[in-house]
Amino acid sequence: AYSVLYFLRGTRATAMLAGGVFVAIVLRILSDLLGLDVIAWLVERTLAAAPVLILIIFQSEIRRVLAGFGSGPLRLRTQGRYDRARLDTLLDSAVSLASHRIGALIAIERDIGLRAVCETGTFTHAVLSRELLTSFFFPNAPLHDGGVVVKADQIVAAGCIFPLTHDPELSKSLGTRHRAAVGLTEETDAVVIVVSEETGAISLAVGGRLTRGLNREQLDRHLTACLQRRPEPGAGRPDPLPDEPHPDPRDNGQT
């Protein structure tokens, strides 16, 4: 029960459910006071269908909970497999792409596998290096439009299609690349680095949250916290990012 509440805490679905319960209570009270039998009947039928409505409202959160449970005690943790050299490779790649204003989308796999995402692109199974990682995103490169999936010391696949978020609270100025990063982290525990080709700004998505306008030091701190710090036992959701900077208003996130 604690794990379920931990996953649902602060999500937009929780606010939707609270609003629905509030409306149902108000309608029930009004129907009793004013003798509105039809309204009372509709409220009762809606409450009877509450389990189905909850499944629909919380579908993304439920997927994340089940994925966390399914990879629970028997999973092989990737935490700690991103040593200093691999983190530096990711940092150097992001900074290099940002300095040249080359758009990029790099997903870093943790405990929940990303094979389904990799199958939407091209498997590479190449050794992780800055030169190879940045080359995938060069303009006019065959796989530059999609995302890259990194696992430990491997670039597993490139040109991958990530699921887009449907979060209505996300800024309308954000483009497809940033929405794909948030969408993937809503469904998995992956960490996704995004580079805007419009401004060269670096962003990081974790647990459905997007932190924008990161410099190398800030990105280093966040990646170290996410990829080297072992989570609390039973916690399936990624650790929150520390010391988030203010969003960069210049980063419109266009792809």
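A salt bridge is a side-chain nitrogen of Lys or Arg within 4 Å of a carboxyl oxygen of Asp or Glu. The exercises below use that cut-off on a predicted model.

**Exercise 1. The salt bridges of R86**

Task: Find which residues form salt bridges with R86, and state how far apart in the chain R86 and D153 are.

Solution:
- Step 1. Take D83. The closest N and O atoms of D83 and R86 are 3.9 Å apart. The cut-off is 4 Å, so the pair counts as a salt bridge.
- Step 2. Take D153. Its closest N and O atoms to R86 are 3.8 Å apart, and this pair is a salt bridge too.
- Step 3. Place the second pair. R86 is in helix α6, and D153 is in the loop between β3 and β4. They are 67 residues apart, so the pair links distant parts of the chain.
- Step 4. Check exposure. Partly exposed runs between the 20% and 50% limits. R86 has a relative accessible area of 23% and is partly exposed. D83, at 34%, is partly exposed. D153, at 37%, is partly exposed as well.

**Exercise 2. Other charged pairs**

Task: State how many salt bridges the structure holds, and which residues form a network of them.

Solution:
- Step 1. Count. The structure holds nine salt bridges.
- Step 2. Find the network. R84, D88, D92, R216 and D220 are linked by salt bridges.
- Step 3. Add a further pair. E131 and R130 meet through their side chains at 3.6 Å, N to O.
- Step 4. Compare that pair with the exposure limits. E131 has a relative accessible area of 51% and is exposed. R130, at 32%, is partly exposed.
- Step 5. Recall the principle. Side chains of opposite charge can pair when their charged atoms come close.

**Exercise 3. The sheet**

Task: Give the strand order of the open sheet and name its edge strands.

Solution:
- Step 1. Read the order. Seven strands run β2-β4-β3-β1-β5-β6-β7, with mixed pairing.
- Step 2. Find the edges. β2 (122-127) and β7 (209-214) each pair on one side only.
- Step 3. Add the twist. From one strand to the next, the twist averages 20°.
- Step 4. Start at β2. It pairs with β4 in the antiparallel sense over four bridges. V127 has Q154 of β4 as its bridge partner.
- Step 5. Recall the principle. Strands of a sheet pair through backbone hydrogen bonds, either parallel or antiparallel.

**Exercise 4. Strand β5**

Task: Decide whether β5 is mostly covered or open, then trace its pairing on both sides.

Solution:
- Step 1. Count buried residues. In β5 (residues 191-195), five of five residues are buried, so the strand is mostly covered.
- Step 2. Sort the side chains by direction. V191, I193 and V195 point one way. V192 and V194 point the other way. All are buried.
- Step 3. Look toward β1. Five bridges join β1 to β5, and the two run antiparallel. L105 has V194 of β5 as its bridge partner.
- Step 4. Look toward β6 (residues 202-206). Five bridges join β5 to this strand, again antiparallel. V195 has I202 of β6 as its bridge partner.
- Step 5. Inspect the turn. The hairpin of β5 and β6 has six residues between the strands. In that hairpin, G200 takes a positive phi near 75°.

**Exercise 5. Positive phi outside glycine**

Task: Locate R101 and A152, and give the phi of each.

Solution:
- Step 1. R101 sits in the loop between α6 (84-99) and β1 (104-108). Its phi is near 55°.
- Step 2. A152 sits in the loop between β3 (147-151) and β4 (154-160). Its phi is about 55°, positive although A152 is not a glycine.
- Step 3. Check the cover of A152. Its relative accessible area is 4%, and the limit for buried is under 20%, so A152 is buried.

**Exercise 6. Two helix residues**

Task: Determine for L34 and E186 whether each is buried or exposed, and what surrounds each.

Solution:
- Step 1. L34 lies in helix α2 (residues 12-34). With a relative accessible area of 60%, L34 is exposed.
- Step 2. L34 belongs to a nonpolar surface patch of about 1,000 Å². Other members include V21, F22, I25, L30 and L36.
- Step 3. E186 is in helix α9 (residues 176-187). At 11% relative accessibility, E186 is buried.
- Step 4. The side chain of E186 makes a polar contact with the side chain of T165, at 2.8 Å.

Terms used. Residues are numbered from 1 along each chain as its sequence is written. This is a predicted model: local features need pLDDT of at least 70, side-chain atom pairs count only at pLDDT 80 or more; totals for chains, interfaces and linings use all residues. Side-chain values use heavy atoms; hydrogens and water are left out. Patches are made of residues with over 30% relative accessible area and no salt bridge: like charges are joined within 9 Å, nonpolar side chains (Val, Leu, Ile, Met, Phe, Trp, Tyr) within 5 Å. Accessible areas come from the Shrake-Rupley method with a 1.4 Å probe; for residues, only the protein chains shown count as cover. Buried means under 20% relative accessible area, exposed over 50%, partly exposed in between (1.4 Å probe, protein chains only). A polar contact is a pair of N or O atoms within 3.5 Å; within protein, one must be able to donate a hydrogen and the other to accept it, and residues adjacent in sequence count only if both atoms are side-chain atoms. Two strands pair if DSSP finds at least two bridges between them. Axes are lines fitted to C-alpha atoms, for helices over the stretch in contact, and angles run from 0 to 180 degrees between N-to-C directions.
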